[in-house]
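Work through the exercises below with the sequence and the coordinates open. Each task is followed by a stepwise solution.

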Amino acid sequence: MAHVRKTTHSRKTTARKNTSARRGAARKSTKRASPKRWSQRVTKESDALDLKRGVFKLSSPKKIAASLKRSAEHSARRKTGAYRSALSMLSFYINRAGKTLPKTQRERLERAKVELKRAFGKE
């Protein structure tokens, strides 16, 4: 009797594996239809900010902060206050870059947060 249960269980397990394999194949095809980098789509299409191209690659934290401030104040797409929107976009960029962001650029962007705070008088 115990042997019968074991066999039944293995059939169910095999059936589950086959079903999940079929589901996985279906999911893969739907993933291809969506953009590969969702963060890129968020940056372009979200109601966050209209950013100047290459703003996060600027050489100084003050320039980055000034550009973000300008974009935030003039953007019609933002839903919250200018400071909050600018800081959100900066944090979003840092977080999405993750480990691939070079240390020097990460430090520059972290200093840009401080400069942004100063620019909006939030110290």
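**Exercise 1. Classify Asn95 by exposure and place it in the fold.**

Step 1. Asn95 has a relative accessibility of 58%. The classes are buried (under 20% relative accessible area), exposed (over 50%) and partly exposed in between, with a 1.4 Å probe and protein chains only. Asn95 therefore counts as exposed.

Step 2. Asn95 belongs to helix 4, residues 82–97. Helices are DSSP runs of H or I with at least four residues, strands are E runs of at least two, and both are numbered from the N terminus.

Step 3. Take the C-alpha distance to Arg106: 9.9 Å in space, at 11 residues apart in sequence.

Before going on, note the conventions. The model is predicted, so local features need pLDDT of at least 70 and side-chain atom pairs count only at pLDDT 80 or more, while totals for chains, interfaces and linings use all residues. Residues are numbered from 1 along each chain as its sequence is written, and side-chain values use heavy atoms, with hydrogens and water left out.

**Exercise 2. Summarise the whole protein.**

Step 1. Count the elements: five helices and zero strands. From the N terminus on, the order reads α-α-α-α-α.

Step 2. Check burial. Of the 123 residues, 24% are buried.

Step 3. Check the contact range. A contact means heavy atoms within 4.5 Å. Consider contacts between residues at least 6 apart in sequence: 62% of them join residues at least 24 apart.

Step 4. Check the surface. About 9500 Å² is exposed, and carbon and sulfur atoms supply 52% of that area. Accessible areas come from the Shrake-Rupley method with a 1.4 Å probe; for residues, only the protein chains shown count as cover.

**Exercise 3. How do the axes of helix 4 and helix 5 cross, and which residues meet?**

Step 1. Choose the descriptors. Two packed helices are described by the angle between their axes and the distance between the axes.

Step 2. Read them off. The axes of helix 4 and helix 5 (residues 103–119) come within 11 Å and cross at roughly 170 degrees. Axes are lines fitted to C-alpha atoms, for helices over the stretch in contact, and angles run from 0 to 180 degrees between N-to-C directions.

Step 3. Classify. Angles under 35 degrees are roughly parallel, over 145 roughly antiparallel, 65 to 115 roughly perpendicular, and the rest oblique. Helix 4 and helix 5 are therefore roughly antiparallel.

Step 4. List the contact. Helix 4 brings Tyr83, Ala86, Leu87, Leu90, Ser91, Tyr93 and Ile94. Helix 5 brings Gln105, Arg106, Leu109, Glu110, Ala112, Lys113, Leu116 and Lys117.

Step 5. Sort the contact residues: nine nonpolar, two polar and four charged. Here Ala, Val, Leu, Ile, Met, Phe, Trp, Tyr, Cys and Pro count as nonpolar, Asp, Glu, Lys and Arg as charged, and the others, Gly among them, as polar.

**Exercise 4. Find the aromatic pairs and give their geometry.**

Step 1. Apply the rule. Rings of Phe, Tyr and Trp (its six-membered ring) pair if their centres lie within 6.5 Å; planes under 30 degrees apart are stacked, over 60 edge-to-face, and the rest tilted. The count is two aromatic pairs.

Step 2. Take Phe56 and Tyr93. Their centres are 4.2 Å apart, with 10 degrees between the planes, a stacked pair. Phe56 lies in the loop between helix 2 (38–45) and helix 3 (61–74) and Tyr93 in helix 4, so the pair ties together parts 37 residues apart in sequence. Phe56 is buried at 9%; Tyr93 is partly exposed at 23%.

Step 3. Take Tyr83 and Phe120. The ring centres are 5.4 Å apart and the planes stand at 65 degrees, so this pair is edge-to-face. Tyr83 sits in helix 4 and Phe120 in the segment after helix 5, 37 residues apart. Both residues are buried.

**Exercise 5. Is Glu115 buried or exposed, and what does Glu115 touch?**

Step 1. Locate Glu115: helix 5.

Step 2. Its relative accessibility is 17%, so Glu115 counts as buried.

Step 3. Leave aside neighbours within four places in sequence. Glu115 is then in contact with Pro61, Lys62 and Ala65.

**Exercise 6. Repeat the analysis for Asp50.**

Step 1. Asp50 lies in the loop between helix 2 and helix 3.

Step 2. Asp50 is partly exposed, at 40% relative accessible area.

Step 3. Beyond neighbours within four places in sequence, Asp50 contacts Ser71, Ser75, Ala76 and Arg77.
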